[in-house]
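Let's take a walk through the charged side chains of this one and see who pairs with whom. Have the viewer ready.

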Amino acid sequence: MEHSFTLKYQLPPETGAIDALVERFAQEGCDDALVGGGQQGYLALQFIREAATAREAIESAMEDIRRASPHALLIEISPELQGLVASDSP
């Protein structure tokens, strides 16, 4: 089943070039996401991901992002899924 959701992250100052980060996202499995940045230091990744449940889709995307940018801070999941993902801690 396909699940559509957006994850928004605050990036650490030492992130470097956004183009390189987007490339790392794709290498780590986020090739099913549209990446956008409107505000400096923040990125949004809009996913359409195959998984059995929405929770599995979101958690797998978060793991992929964590591998690509371990210090990025998750600030929002939308649509709002309260209680679906309790924590972004490893």
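What follows is a tour of the salt bridges, pair by pair.

Keep in mind that this is a predicted model. Searching the whole structure turns up six salt bridges, and we'll look at some of them here.

Start with Lys8 and Glu76, whose closest N and O atoms sit 3.6 Å apart. Lys8 belongs to strand β1 (residues 2-10) and Glu76 to strand β4 (residues 73-78), so this salt bridge ties together parts that are 68 residues apart in sequence. Both ends see some solvent-accessible surface: Lys8 is partly exposed at 31% relative accessible area, and Glu76 is partly exposed too, at 36%.

Next, swing over to Arg67 and Glu28, which form a salt bridge with an N to O distance of 2.8 Å. Here helix α2 (residues 54-68) supplies Arg67, while Glu28 comes from the loop between α1 (18-27) and β2 (33-36), putting the partners 39 residues apart. Arg67 is partly exposed, with a relative accessible area of 45%, and Glu28 is partly exposed at 28%.

Now for Arg49 and Asp64: are they buried or exposed? Their salt bridge is 2.9 Å from N to O, and it connects strand β3 (residues 42-50), home of Arg49, with helix α2, where Asp64 lies; so it ties together parts that are 15 residues apart in sequence. As for the question, Arg49 has a relative accessible area of 6% and is buried, and Asp64 is buried as well, at 9%.

Finally, zoom out a little. Glu28, Asp32, Arg49, Asp64 and Arg67 are joined into one network by salt bridges that share partners.

How values were computed: Residues numbered from 1 in each chain as written. Predicted model: local features only at pLDDT ≥ 70, side-chain atom pairs only at ≥ 80, totals over all residues. Heavy atoms only, no water. Salt bridge = Lys/Arg side-chain N within 4 Å of Asp/Glu carboxyl O. Helix = DSSP H or I, 4+ residues; strand = E, 2+ residues; numbered from the N terminus. Buried < 20%, exposed > 50% of the residue type's maximum accessible area, 1.4 Å probe, protein only.
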